[in-house]
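Let's take a walk through this two-chain model together. Have the viewer open, and we'll go from single residues to sheets, a pocket and a few backbone oddities.

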Amino acid sequence: MKQEIIIAGFGGQGVLSMGKILAYAGLMNNLEVTWMPAYGPEQRGGTANVTVILSDSAISSPVLDSYDTAVVLNQQSLDKFESKVKPGGVLMYDPSGIHHLPTRTDITVVPVDALTASIELKNSKTYNMVLLGALLELRPVVDTEAVVKALRKTLPERHHHLIPVNEQAIEKGRSLVK
Amino acid sequence: MEEVKLMKGNEAIAHAAIRYGVDGYFGYPITPQSEVLETLEELMPWETTGMVVLQAESELAAINMVYGGAASGKAVMTSSSSPGVSLKQEGISYIAASELPALIVNVMRGGPGLGTIQPSQADYFQACKGGGHGDYHLIVLAPATVQEMADFVGLGFDLAFKYRNPAMILADGIVGQMMEKVVLPPFRPRRTAEEIAKQCPWAVTGKGGRGHRNIVTSLEMESPAMEQNNLRFQRTYAEIEANEVRYQEYYTEDAEYLIVAFGSVARICLKAIEDARAVGMKVGLLRPITLWPFPSKALDELSKRIKGALVVELNAGQMIEDVKLSVNCRVPVYHFGRMGGMIPNPTEVLDALRADFNI
């Protein structure tokens with residue numbers, strides 16, 4: 001098993017932390033993992049993307065030019081990464097930031113309205129966990145249990161009371177693409 | 001069995017330094033290596049091992065604190081990124097000339113000048129061919145994984161103390177910023193004053209029972225004596241070259257073409273090679289782990305059975321000079337590089353190989 005994933009959007013959308021939780025969950029499931037941020041001086045509002053590779057064998061390059069799965073959260077990222085999804089791969093996008101829809105027909109294109117879902121959960125910070133839930137429904141590379149363990153590991157203790165709402169967000173994300 | 005952790009390369013360096021029993025870290029923040037200092041400050045080793053962690057007022061101050069600490073036999077280190085390492089060059093030359101062990105980490109970013117904050121390997125010349133003035137060499141280690149970022153702290157110090165010569169970890173922004181799995185080295189205590197006195201009889205630790213004061217200096221007013229110093233340095237370098245070359249070969253047994261790359265770029269090339277092998281192209285990889293001493297003999301041998309080599313670097317062509325010297329014009333050697341913080345992907349590497357060798 002090898003899953004090469006790019007998550008791309010604006011800084012502040014939780015792109016890097018979504019990748020981080022996915023990577024930690026991979027660690028919990030004894031997979032090989034790399035988490036490679038395209039880091040820049042940007043913070044909120046700039047572009048951000050992260051490549052996460054999960055594999056049951058050693059990983060060579062942490063830098064890729066094609067992906068099994070792309071999660072794109074704004075138009076720039078869609079424009080940049082739509083063509084880089086491998087044929088038969090998955091392109092997940094949040095329609096709220098998209099004006100020109102993806103056009104490829106040789107991949108599975110899945111809109112996930114994570115923004116609305118996170119508003120329904122009354123916590124906009126669960127946005128990326130809704131997306132992660134949807135991703136894991138489509139690409140079951142790690143189990144929810146591992147994700148919850150990863151949240152416990154990566155969130156500072158003062159935020160641990162938010163783990164249940166994040167679990168709800170993951171379930172909501174799963175249900176959106178079922 | 002130590003726990004497997006997930007962390008950035010920069011964080012791994014900080015953890016490994018504490019676990020090695022480093023006495024002092026002196027640094028100044030700069031992207032993309034600031035997590036080294038930040039992690040050390042989070043971990044607060046001064047409360048556990050007694051390790052000093054100090055944010056100096058400048059890179060110049062930091063390297064001269066390393067110079068002083070090293071002169072007293074302590075295991076001391078600094079880290080920075082390219083522009084900051086340029087500032088440290090005078091101190092590095094002095095440390096080398098004073099025959100002191102120390103560890104310097106450079107997590108390279110795009111240059112020249114203030115450049116960018118994205119990954120680069122454009123400081124190969126600076127690290128391997130001098131940087132500072134005078135005939136000196138650093139032992140230069142090039143990590144490709146977060147595990148090697150952790151492991152090379154200990155290796156760098158071990159070699160530095162063995163040869164009384166500064167060592168450098170020459171990393172790039174990719175391996176500094178990426179997270180992957182790492183098993184950290186076991187904790188070992190910092191050396192006691194007695195152990196330091198025994199291991200480093202040259203150190204300035206006070207006169208004690210010695211009968212004379214040790215003096216550590218790079219200054220020698222008499223040319224004949226300075227030439228003798230240089231001859232001694234050269235003997236050390238020859239010994240390091242004879243004993244400490246490290247490299248890794250992948251798919252070289254039947255390779256017709258060879259890629260030579262170091263650091264994270266070697267991993268990008270390895271993916272390109274996996275793709276090449278999938279379509280029947282016989283390509284291998286040599287990854288120098290020590291950039292100085294350089295694996296010249298291994299390349300010399302390999303060049304007798306390949307058709308050509310491609311050197312891939314995040315620069316305009318630096319290590320290629322050492323590759324060319326090693327293969328003695330036996331086969332054509334080409335270069336593919338990206339600069340200024342741009343990173344090639346595996347397909348670009350494969351395309352360059354196909355174009356250079358018409359395959």
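In which helix is the place of A:Gln75? A:Gln75 sits in helix H2 of chain A. Keep in mind throughout that this is a predicted model. With a relative accessibility of 9%, A:Gln75 counts as buried, because the cut-off for that label is under 20%. Going from A:Gln75 to A:Leu64 takes 11 residues in sequence, and their C-alpha atoms are 21 Å apart in space.

**The pocket**

Helix H2 (75-81) of chain A also turns up in the lining of the second largest pocket, where it supplies at least two residues. Strand S1 (2-10), strand S2 (32-38) and strand S3 (47-55) of chain A each do so as well. The volume of this pocket comes to about 770 Å³. Its lining counts 33 residues, and those nearest the centre are A:Ala38, A:Asn49, A:Lys80, A:Phe81 and B:Ile343. Sorted by class, the lining has 16 nonpolar, 11 polar and 6 charged residues.

Where does the pocket lie relative to domain 1 and domain 2 of chain B? Domain 1 (4-193) and domain 2 (247-357) of chain B both give residues to the lining, so the pocket lies between them.

**A sheet with strands from both chains**

Strands S1, S2 and S3 of chain A appear again in an open sheet of 8 strands, which has the order S6(A)-S5(A)-S4(A)-S1(A)-S3(A)-S2(A)-S8(B)-S1(B) and mixed pairing. At its edges are strand S6 (108-111) of chain A and strand S1 (4-8) of chain B, each pairing on one side only. The twist from one strand to the next averages 20°.

How many bridges join S2(A) to strand S8 of chain B? There are 2, and the two strands run antiparallel. If you want a spot to click on, A:Trp35 has B:Met179 as its bridge partner in S8(B).

Just before that strand in chain B comes helix H8 (residues 173-177), which holds B:Ile174. This residue is buried, with a relative accessible area of 0%. B:Ile174 and B:Ala144 are 30 residues apart along the chain, with 9.0 Å between their C-alpha atoms.

**Inside chain B**

Now look at strand S11 (residues 283-288) of chain B, where 6 of its 6 residues are buried. In a regular strand, side chains alternate between the two faces of the sheet. Here both faces are covered: B:Val283, B:Leu285 and B:Arg287 are buried on one side, and B:Gly284, B:Leu286 and B:Pro288 are buried on the other.

S11(B) has partners in S9(B) and S10(B). Strand S9 (residues 247-250) joins S11(B) through 4 bridges and runs antiparallel to it, whereas strand S10 (residues 257-260) pairs with S11(B) in the parallel sense, over 4 bridges. B:Leu285 is a handy landmark: B:Tyr250 stands opposite it, and B:Ile259 has it as a bridge partner too.

Chain B also has an open sheet of 7 strands in the order S3-S2-S4-S5-S7-S6-S12, again with mixed pairing. Strand S3 (52-55) and strand S12 (290-292) are its edge strands, each pairing on one side only. Ignoring direction, neighbouring strands are turned by 20° against each other on average. At the S3 end, strand S2 (residues 24-27) and S3(B) pair in the parallel sense over 4 bridges, and B:Tyr25 has B:Val53 as its bridge partner.

**Backbone oddities**

Most residues other than glycine have a negative phi, and most peptide bonds are trans. The table collects some exceptions.

| Site | Backbone value | Loop |
|---|---|---|
| B:Gly111 to B:Pro112 | cis, omega near 0° | B:Pro112: between strand S5 (103-108) and helix H6 (124-128) of chain B |
| B:Trp292 to B:Pro293 | cis, omega near 0° | B:Pro293: between S12 and helix H12 (296-302) of chain B |
| A:Lys122 | phi near 60° | between helix H3 (114-120) and helix H4 (127-138) of chain A |
| B:Met44 | phi near 45° | between helix H2 (34-43) and S3 of chain B |

Are the two positive-phi residues buried or exposed? A:Lys122 counts as exposed at 76% relative accessibility, while B:Met44 is partly exposed, with a relative accessible area of 36%.

Definitions and conventions:
Residues numbered from 1 in each chain as written. Chains lettered and ligands numbered in written order. Predicted model: local features only at pLDDT ≥ 70, side-chain atom pairs only at ≥ 80, totals over all residues. Heavy atoms only, no water. 1 Å grid on protein atoms, 1.4 Å probe; cavity = no way out; pocket = protein on both sides within 12 Å on 5 of 7 lines; lining within 4 Å. Points joined across faces, edges and corners; volume = space filled by probe spheres on them. Nonpolar A, V, L, I, M, F, W, Y, C, P; charged D, E, K, R; others polar. Domains from an automatic or database assignment. Pairing = 2+ DSSP bridges. Axes fitted to C-alpha atoms, helices over the stretch in contact; angles between N-to-C directions. Buried < 20%, exposed > 50% of the residue type's maximum accessible area, 1.4 Å probe, protein only.
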